[in-house]
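Reader: Before accepting the terms used for this protein, I should like to see the grounds for each. Please show me the model and set its values against the definitions.

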Amino acid sequence: MRNWIGVWLVLLVACENEPPAPVQSGSQFFPVVVGLFWTYAVEQTVTTPTGVSSAQFEIRLRVTDSLLNAEGGYSYRVELARRNQPQGPWINEGSGLIRKNSLEAVQQENGVSYVKLGFPLFEGRSWNGNALNAKEAEEYKVVSFNEPFETSTGLSFPRTLRVNQAELDDRIVFRDLRHEVYAENVGLVTREVTQLEYYTDPPRLGKEIVKQGLVEKMALIGFGRE
């Protein structure tokens, strides 16, 4: 009996002296190293006062280089390419920078920096997605965390988070719904954007007749490291 008591005391002391398990910040949902790439299928509908146009195409993001930044960390160059047919040639459409530190993950889109994720991540976490640009403040909010998710292209992921970037569901003047889903150790797996401006003149007010706007759905179809 005494021997067993001794063993339990040793185990108890050992457990008490063990360092606590590290708490992940959520940065694993935004991996970035040179060589990573992501390919997405895109469905896009653009409305203007003169008509409506729809398109389906693919885009590819590739992390091609890294450079030291002013924070003492690294920024990564991401090249964007597009092709209109699944087997067609990729056409370069420019590049941008992404970076990640202990507080946030930042990505450039058309030369504008957005705080895509704010760390640590958990359900209900929110931050200003426009904190690093001149646009009006927008609350980005994690509305689900560590949940399974399947994209419209049939890819399944056991642990994902969803960030709502805009939730203005006004069908009278302007509708703005935007969200992104990130998968653990993968990154962005889907993005949906609905931004519609409606006619508000008396004959068309409240009839949801779109004057101009964008509806876009983007879903991951392939990813990896070169």
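Author: The turns below take the sheet and then the pockets.
This is a predicted model, in which local features need pLDDT of at least 70, side-chain atom pairs count only at pLDDT 80 or more, and totals for chains, interfaces and linings use all residues. Residues are numbered from 1 along each chain as its sequence is written, and side-chain values use heavy atoms, with hydrogens and water left out.

Reader: How do you know that S2 and S3 pair?
Author: Strands are DSSP runs (E, at least two residues), numbered from the N terminus, and two of them pair if DSSP finds at least two bridges between them. S2 and S3 (residues 74-83) are joined by 10 bridges in the antiparallel sense, so the criterion of at least two bridges is met. Leu 68 stands opposite Tyr 74 in S3. The hairpin of S2 and S3 has 5 residues between the strands, and Gly 72 takes a positive phi near 90° there.

Reader: On what grounds are S9 and S10 said to be joined?
Author: S9 (residues 156-169) and S10 (residues 174-183) run antiparallel and share 9 bridges; the rule asks for at least two, and therefore they count as a pair. Arg 175 in S10 is the bridge partner of Asp 169.

Reader: What is the order of the strands in the open sheet, and which are its edge strands?
Author: The 12 strands follow the order S6-S5-S4-S3-S2-S1-S12-S11-S10-S9-S8-S7, with antiparallel pairing, and form an open sheet. S6 (112-118) and S7 (126-128) are the edge strands, as each pairs on one side only.

Reader: What makes a space a pocket and not a cavity?
Author: On a 1 Å grid over the protein atoms alone, a cavity is a set of points where a 1.4 Å probe fits but cannot get out, whereas a pocket is an open set with protein on both sides within 12 Å along at least five of seven lines. Lining residues have an atom within 4 Å of a point. The largest pocket is lined by 45 residues, with Gln 107, Gln 108, Glu 109, Asn 110 and Arg 191 nearest its centre. Strand S4 (residues 91-100) gives the most to this lining, with 6 residues.

Reader: What volume does the second largest pocket have?
Author: About 280 Å³ of space lies in the second largest pocket. Of the 21 residues that line this pocket, Ala 41, Val 42, Glu 43, Ser 152 and Lys 217 are the closest to its centre.

Conventions: Helices (H or I, at least four residues) and strands (E, at least two) are DSSP runs, numbered from the N terminus. Grid points are joined across faces, edges and corners, and a volume is the space filled by probe spheres set on the points.
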